[in-house]
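Let's learn to read a structure together, one feature at a time. Have a look first, then ask away.

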Amino acid sequence: MNTPAEASDSHSLGHDHKKCVSEALGTAEHLCVVRGVQLTPIRHQVLELIWDSHKAVKAYELLDRIKPLQNAAKPATIYRALDFLIEQGLIHRVESLNAFVGCSCSGHQHEQLLLICNNCQEVEERSAPDVMQALSQEIKQADFIVHSKAIEIHGICATCAQTMSSEQV
Ligand SMILES: [Zn+2]
Ligand SMILES: [Zn+2]
Ligand SMILES: [Zn+2]
């Protein structure tokens, strides 16, 4: 019953993350062709770096990682690429962390419930239709016009909780 304590820095061991990445990039390429927008090399690269894991990534971390690949990359380059990816619904901004995470259901604009792990920074996206509908009802009663709707919940993910409880033995 020994689990290896030193895994890689990601939880991605629990699933085939290569599949997540290839699916996300494939969807992005397809959507951009359909919409007639350009997934330029830099946009593609930023998206790929964000999909490195399911963790929320900050813009400066992306810049650090892209510098060795594209020496000329400047903060503005990264921000423009991020804006594009958000606009196309390919990534989400995690407001409470001022960071970004890849969206696994990017086919359409959608509301989202983000479960953010304070320990590993992984973000799980859930569509939570019941919650969102209840929320819409509430907002409607206030005659409030919604521009965007995302709920961010902070806590500890199942994987981290498991690791923590096994370390306490
Ligand atoms: Zn994955
Ligand atoms: Zn999404
Ligand atoms: Zn975690």
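Q: Let's start with His17: is it buried or exposed?

A: His17 is buried, because its relative accessible area is 10%. The cut-offs: buried is under 20% relative accessible area, exposed is over 50%, and partly exposed is in between, using a 1.4 Å probe and protein chains only. Before we go on, this is a predicted model, where local features need pLDDT of at least 70 and side-chain atom pairs count only at pLDDT 80 or more, while totals for chains, interfaces and linings use all residues. Residues are numbered from 1 along each chain as its sequence is written, chains are lettered from A and ligands numbered from 1 in the order in which they are written, and side-chain values use heavy atoms, with hydrogens and water left out.

Q: Which atoms coordinate the zinc ion (ligand 1)?

A: Start with what a donor is: an N, O or S atom within 2.8 Å of the metal (3.2 Å for Na, K and Ca), and as water is not among the atoms, sites may look incomplete. For the zinc ion (ligand 1), the donors are His15 (NE2), His17 (ND1), Cys20 (SG) and His54 (NE2), at 2.0 to 2.3 Å. Along the chain they follow the spacing H-x1-H-x2-C-x33-H. His17 sits in helix α1 (residues 17–35) and His54 in the loop between α2 and α3, so this pair links distant parts of the chain, 37 residues apart. Helices here are DSSP runs (H or I, at least four residues), strands are too (E, at least two), and both are numbered from the N terminus. His54 also counts as buried, at 17% relative accessibility.

Q: What geometry does the site of the zinc ion (ligand 1) have?

A: Four donors count as tetrahedral if all angles lie between 85 and 135 degrees. The angles among the 4 donor atoms of the zinc ion (ligand 1) are 101 to 115°, and the site is tetrahedral.

Q: Which residues hold the zinc ion (ligand 3)?

A: Cys117, Cys120, Cys157 and Cys160 coordinate the zinc ion (ligand 3) through their SG atoms, at 2.3 Å. That site is tetrahedral as well, with angles of 104 to 116°. Cys117 lies in strand β3 and Cys160 in helix α6 (residues 158–167), so the pair ties together parts that are 43 residues apart in sequence. Both Cys117 and Cys160 are buried.

Q: And what coordinates the zinc ion (ligand 2)?

A: His92 (NE2), Cys103 (SG), His110 (NE2) and Glu125, listed with two OE entries, coordinate the zinc ion (ligand 2) at 1.8 to 2.8 Å. His110 lies in the loop between β2 and β3 (112–117) and Glu125 in strand β4 (residues 123–126), so the pair ties together parts 15 residues apart in sequence. His110 is buried, with a relative accessible area of 17%.

Q: How do I read a helix? Which residues of α3 are buried?

A: An α-helix has 3.6 residues a turn, so residues three or four places apart point the same way. In helix α3 (residues 59–66), the buried ones are Ala59, Leu62, Leu63 and Ile66. They cover an arc of only 100° around the axis (taken from the directions from the helix axis to the C-beta atoms), which puts them on the same side of α3. On the other side, Tyr60 and Asp64 are exposed.

Conventions
Tetrahedral: all angles 85-135°; square planar, octahedral: opposite > 155°, others 65-115°.
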